[in-house]
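Visitor: I would like to go through this structure with a few questions. Please keep the answers short.

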Amino acid sequence: MALNKMLKTLAATSLVLAGSVYAQEPIAGAGIKANPMPKFTNVSQSMLNNAGKDAKNWLLPNGGYDQTRHFPSAQINTGNVSKLRPAFVFQTGIVESMETAPIVVDGVMFVTTSYNHVYAINAVTGEQYWHYKHKIGPVSTYCCGPNNKGVAIADGKLFMGTLDAKLVALDAKTGKLLWETQIADPELGYSETMAPAVVDGKVLIGTNGGEYGVRGFVKAYDANSGKLSWTFHTIPEKGHEGVWAENDATGRNMKRDIAAEKAALAKNGGDFYKTLGGGVWMTPAIDTKTKTVFFVVGNPSPDLYGAERPGDNLYTDSMVAIDLETGKYKWHYQYVAHDVWDLDAVSPPILVDVKDKNGKMIPGVIHGGKTGHIYVHDRSNGNLIRFSDPMVSQEGLWTLPTKEGARMSLGANGGVEWSPMAFNPNLRLAFAVNLEQPMTYHVEAAAYPGGKLWLGGAFKNIPGEEQFGNVVGVNIDTGKVVWKARTDQPMIGGVLSTAGNLVFAGEGNGWFKAYDAKTGKVLWQYQCGAGVNAPPTSYTVNGKQYIAVAAGGNTQLDFKRGNSVFVFSL
């Protein structure tokens, strides 16, 4: 996961001192009694299976297991969105970057903040029911800010990954800690910021840490006990050298010196798999019919110094499909082999029906890449059907890093960063937010530093060169960019689509906007006072539709910090 140069340099180990204010029990605040929690439904597996069609709740971080982020209510639409107003603002008190996707069940909202706080609040009034603070251990290591992207919910429990690489389960009604388990060793560079997925009694979670020389994974834990069920390593012990690909997924030559790589592998061996990176940053998509889990894998480690890791570095920069029950490998597709630009695969996959090359509709899976393309795959085998027109500049693509610094218009943040896309099934359009940040790439030799930041160089913004972003609508059946709306700043955070033919996305300057899904025209905007760099969600209570989004800014791009969740209604 890419960061700007300053934050890469300052990425560090965070120490939480003994006797700190962190507690592991829910609290209401000094002298404040928590409001009684109303009765709400225990979220069943059947509810989760049908979450994408639920016009009342928002039960998974990206709406449903298919992750389309398309809310099936049209109460708020292109004709009346101009009348959208704040219903309430909930202030968490934690003034730091927010990437949470609020979960809503029967009018109860669950949100997370940086440093692993969880709040349960009234989704109509903003009144707080309970507040949980995770007691972070003595060491927590993270590269891109102390963020948390949200919780998973099932059977009366909430599940959250933590900065000190734990998975915790909370009672959804009280916030009481039910169990916690250590996922990996934070002293080796592991941490957790992703929102987990829960399915069939299993909690699935990946890992951060691709900048620290970890060996990435996805793990499944028993939702009742926290016991480990299986582990899939995103870096195989054997075969990580791959096929020595010369071209990227779009067929362009990546200028590798494969002869030199093969010589280095023969001389030094292939036992570097334990430090090859491959973090899984974002929530997997799940096909419940075929019992298949789909996720994308981050960059190799060290980021820029490829001589340390000859070969294709599988399964970095790839989409991977595995068996839900066992964690066994099914297929993979690599977008960028032997990545030395930090252009990893991060934005979560979306499961949709797609047109194959003969025009037949088949089950597909799509991904928005940091390369600036949307990739359309056959879900059964991973074969690439098509890729979209580029959504950002491709000038200087695959220029190799140098000691002095080599310019490439596609900066290390992308394209589509971790920001979740959305998909409108009626319009056949995928919606993505992109960054335009030209950078110079610098490389230097760097041996494994033992769980510390390991870049093998740096990438730097270029003084005087403009940085901006866009919101884009792409037809996935043709790959054509249907519309593009430029923004004043690089875009990071995510997209919401609704049946009212609206697209919602926020900006680092505080603007939260609604776009016409057909044309990209801005129909409404609201100034939130801090960076809106989190994925929006929607829900309905007592027949009224609401739009929710967190405004806490972003560490990665240093957008203005805040501590608020804004909720809007007509």
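Guide: One term is needed at the start: pLDDT is the predictor's confidence in each residue, from 0 to 100. The model is predicted, and its chain averages a pLDDT of 94.

Visitor: How many contacts beyond four places in sequence does the model have for residues 28–32?

Guide: Contact here means heavy atoms within 4.5 Å. Over residues 28–32 the pLDDT stays under 50. For this stretch, the contacts beyond four places in sequence number three.

Visitor: Is Pro300 buried or exposed?

Guide: Pro300 sits in the loop between strand E19 (292–296) and strand E20 (318–323). Outside its neighbours within four places in sequence, its contacts include Gly210, Leu276 and Asp339. Buried means under 20% relative accessible area. Because its relative accessibility is 0%, Pro300 counts as buried.

Visitor: Is Glu261, which forms a salt bridge with Arg256, buried or exposed?

Guide: The closest N and O atoms of Arg256 and Glu261 are 2.7 Å apart. Arg256 has a relative accessible area of 15%, so Arg256 is buried. Glu261 has 8% relative accessibility and therefore counts as buried.

Visitor: How many residues apart are Arg428 and Asp477?

Guide: The side chains of Arg428 and Asp477 meet in a salt bridge, 2.9 Å from N to O. Arg428 is in the loop between strand E27 (422–424) and strand E28 (429–436), and Asp477 is in the loop between strand E31 (468–475) and strand E32 (481–487). The pair links distant parts of the chain, and the separation in residues is 49.

Conventions
Residues numbered from 1 in each chain as written. Predicted model: local features only at pLDDT ≥ 70, side-chain atom pairs only at ≥ 80, totals over all residues. Heavy atoms only, no water. Helix = DSSP H or I, 4+ residues; strand = E, 2+ residues; numbered from the N terminus. Buried < 20%, exposed > 50% of the residue type's maximum accessible area, 1.4 Å probe, protein only. Salt bridge = Lys/Arg side-chain N within 4 Å of Asp/Glu carboxyl O.
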